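Q: Please take a close look at the salt bridges in this structure, and explain them step by step for someone in a first year of study. Which residues take part, and where do they lie?

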Amino acid sequence: MEIFEMGRTIRDRDPARPTWAEVLLCYPGLWAVQCHRVAHALHGWGLPALARFVSQTARFLTGIEIHPGAKIGRRLFIDHGMGVVVGGTATIGDDVTIYQCVTLGGLSLKPGKRHPDVLDGAIIGAGAQVLGPITVGRGARVGANSVVVDDVAEGLTVVGIPARSPKGCDEEATVGYGMPVRAGADPLGEEVAALRAEVAALRAMLQAHSLDRAG
């Protein structure tokens, strides 16, 4: 049964190494996915109101909102889970890990494909916002609190707002939340530093030009 497969996954991936009793009684991500299976089936049978009722009941009980239309693969591990939102045209592959307060959302009000595809083995860190009909590649990692609006290549780690790969980051050297191990891996800070250096250079050029004219 899938519930036991997911239980083994939780016990393997969670460093807290919970007991089976803890997994079954205290991990809302497990039950959110099981409720989604029911809601997704009802959605496919042309019963959208009943499907939404099941999904909203699961949201009330678990704090995790998964639209009935979303497609979810096997062994999805939603750790902690509170505040997770998965849009109706999102697709999640096998062996994906998602932490709390993650949104797989849309940017457009037009009908059609509006939400991301998260491929097998990806990790989405806590608070990350993955927006639009983009693809997070196999084994990719999205750092905590990042905002992703472009495709993420297979195996790549991205962090920041907007999310990008930090310079000098070993793609394999990441912690559980998708964050790079290298201290100071801050692409936004690096961009600001580069802009400051460019402004300083322009000021020096302008000062030199003013001195030439004065001479």
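A: A salt bridge is counted here when a side-chain nitrogen of Lys or Arg lies within 4 Å of a carboxyl oxygen of Asp or Glu. The background is that side chains of opposite charge can pair when their charged atoms come close. The model is a predicted one, and the structure holds seven salt bridges.

A good place to begin is Arg75, whose side chain meets that of Asp95 in a salt bridge with an N to O distance of 2.5 Å. Arg75 sits in the loop between β2 and β3, while Asp95 belongs to the loop between β5 (91-92) and β6, so this pair ties together parts that are 20 residues apart in sequence. Asp95 is partly exposed, since its relative accessible area is 30%, whereas Arg75, with a relative accessible area of 19%, is buried, because the cut-off for buried is under 20%.

The side chain of Arg75 also meets the side chain of Glu5 in a salt bridge, here at 2.9 Å from N to O. Glu5 is part of helix α1 (residues 2-13) and Arg75 is in the loop between β2 (71-72) and β3 (77-78), so the pair links parts that are 70 residues apart in sequence. Glu5 counts as buried, at 15% relative accessibility.

Another salt bridge is formed by the side chains of Asp117 and Lys113, with 2.7 Å between N and O. Both of these residues can be placed by their accessibility: Asp117 counts as partly exposed at 21%, and Lys113 counts as partly exposed at 39%. Returning to Arg75, we can now see its wider setting, for salt bridges that share partners join Glu5, Arg13, Arg74, Arg75 and Asp95 into one network.

The backbone deserves a brief look as well. Most residues other than glycine have a negative phi, and most peptide bonds are trans. Cys101, which is not a glycine, has a positive phi near 65°, and it lies in the loop between β6 (97-98) and β7 (103-105). Asn145 likewise has a positive phi, of about 65°, without being a glycine, and its place is the loop between β12 (141-142) and β13 (147-148). Cys101 is partly exposed at 40% relative accessibility, while Asn145 is exposed, with a relative accessible area of 53%. Finally, the peptide bond from Ile161 to Pro162 is cis, with omega near -10°, and Pro162 is found in the loop between β14 (157-158) and α5 (187-214).

Technical notes
Residues numbered from 1 in each chain as written. Predicted model: local features only at pLDDT ≥ 70, side-chain atom pairs only at ≥ 80, totals over all residues. Heavy atoms only, no water. Helix = DSSP H or I, 4+ residues; strand = E, 2+ residues; numbered from the N terminus. Buried < 20%, exposed > 50% of the residue type's maximum accessible area, 1.4 Å probe, protein only.
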